[in-house]
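Me: I'm new to this one and would like to go through it bit by bit. Can I put some questions to you once it's on screen?

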Amino acid sequence: MTISLSKGASFSLSKASPGLVQVQVGLGWDPRTTTGLDFDLDASVIACDATGRCLGDAWFVFYGQLVSPSGAIVHHGDNRDGAGTGDDEVIDVLLDLLPPEAVRLVFAVSIHEADARGQNFGQVRESFIRMVDARSGAELVRYDLAEDYSTETAVVFGELVRTSGEWEVKAVGAGFPGGLAALLRQFGIEAS
């Protein structure tokens, strides 16, 4: 049975699925159906330490860097149009391969060239993040973003947080008007 979260809520993955070692994170969205330029949304994950800072550039996983050190985080690649149903981009997390200092994984989606295309998340619908037990294929938790992010061009959908050796998922839904660069600065990464 899937648990549906609301913004700000959390759920223990460790208790729901004891022995969980691999989580598949699916992120999805549907761009507007009106005329205009195509949307290209990009999922990413940032592995952070207890201070909320990224462990290093190699721990920012996205379409341009698909695998983290030790293969703990693997991005399945860029979906450039968001067409179809289900997950638009998928990220695998092997929890037992993460270093002990990785206590927070931040899952975000940004709109590629949003400013140049005049696009924002207010023009995106049906956005969600879901966590699946990769071993059984069972969907454990889902968060559907319901807000109108009319000025935001990047959104943190959710997080995986490790506390005392247990993992929980948090529904975040925090938007950033400055796009991916503004989001990355929050975690100590300077975008080039």
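Me: Let's start with a single side chain: does Glu168 count as buried, exposed or partly exposed?
Reply: Keep in mind that this is a predicted model. Buried would need under 20% relative accessible area, and exposed over 50%. Glu168 comes out at 23%, so the label is partly exposed.

Me: And which residue forms a salt bridge with Glu168?
Reply: In general, side chains of opposite charge can pair when their charged atoms come close. For Glu168, the closest N and O atoms of the pair are 3.8 Å apart. The partner counts as partly exposed, at 32% relative accessibility. That partner is Lys170.

Me: In the Arg135 and Asp133 salt bridge, which residue is buried?
Reply: The closest N and O atoms of this pair are 3.5 Å apart. Arg135 has a relative accessible area of 56%, so that one is exposed. With just 3% relative accessible area, the buried one is Asp133.

Me: How many residues apart are Lys7 and Glu147?
Reply: Their side chains meet in a salt bridge, 2.5 Å from N to O. Lys7 sits in the loop between β1 and β2, while Glu147 sits in the loop between β10 and β11. So far as exposure goes, Lys7 is partly exposed at 43%, and Glu147 is partly exposed too, at 41%. Along the chain, this pair links distant parts, and the separation is 140 residues.

Me: How many salt bridges does the structure hold?
Reply: Some of them join up: Asp87, Arg130 and Glu139 are linked in a network. For the whole structure, the count is eight.

Me: Now the sheet: which strands are at its edges?
Reply: Six strands form an open sheet, with antiparallel pairing, in the order β2-β12-β11-β8-β4-β5. An edge strand pairs on one side only. That leaves residues 10-12 and 60-61, in other words β2 and β5.

Me: What is the bridge partner of Ile46 in β5?
Reply: β4 covers residues 41-48 and pairs with β5 in the antiparallel sense, over two bridges. Ile46 also has contacts beyond its sequence neighbours, among them Trp59, Leu105 and Phe187. In β5, the bridge partner is Phe60.

Me: How many residues are in the largest nonpolar core?
Reply: Nonpolar side chains tend to be buried together in soluble globular proteins. Here, Ile46 is one of the residues with the most contacts inside the core, a list including Leu27 and Phe107. The number of residues in that core is 54.

Definitions and conventions:
Residues are numbered from 1 along each chain as its sequence is written. This is a predicted model: local features need pLDDT of at least 70, side-chain atom pairs count only at pLDDT 80 or more; totals for chains, interfaces and linings use all residues. Side-chain values use heavy atoms; hydrogens and water are left out. A nonpolar core is a set of buried Ala, Val, Leu, Ile, Met, Phe, Trp, Tyr and Cys residues joined through side-chain atoms within 4.5 Å. Buried means under 20% relative accessible area, exposed over 50%, partly exposed in between (1.4 Å probe, protein chains only). Contact means heavy atoms within 4.5 Å. Two strands pair if DSSP finds at least two bridges between them. Helices (H or I, at least four residues) and strands (E, at least two) are DSSP runs, numbered from the N terminus. A salt bridge is a side-chain nitrogen of Lys or Arg within 4 Å of a carboxyl oxygen of Asp or Glu. Lists of a residue's contacts leave out its neighbours within four places in sequence.
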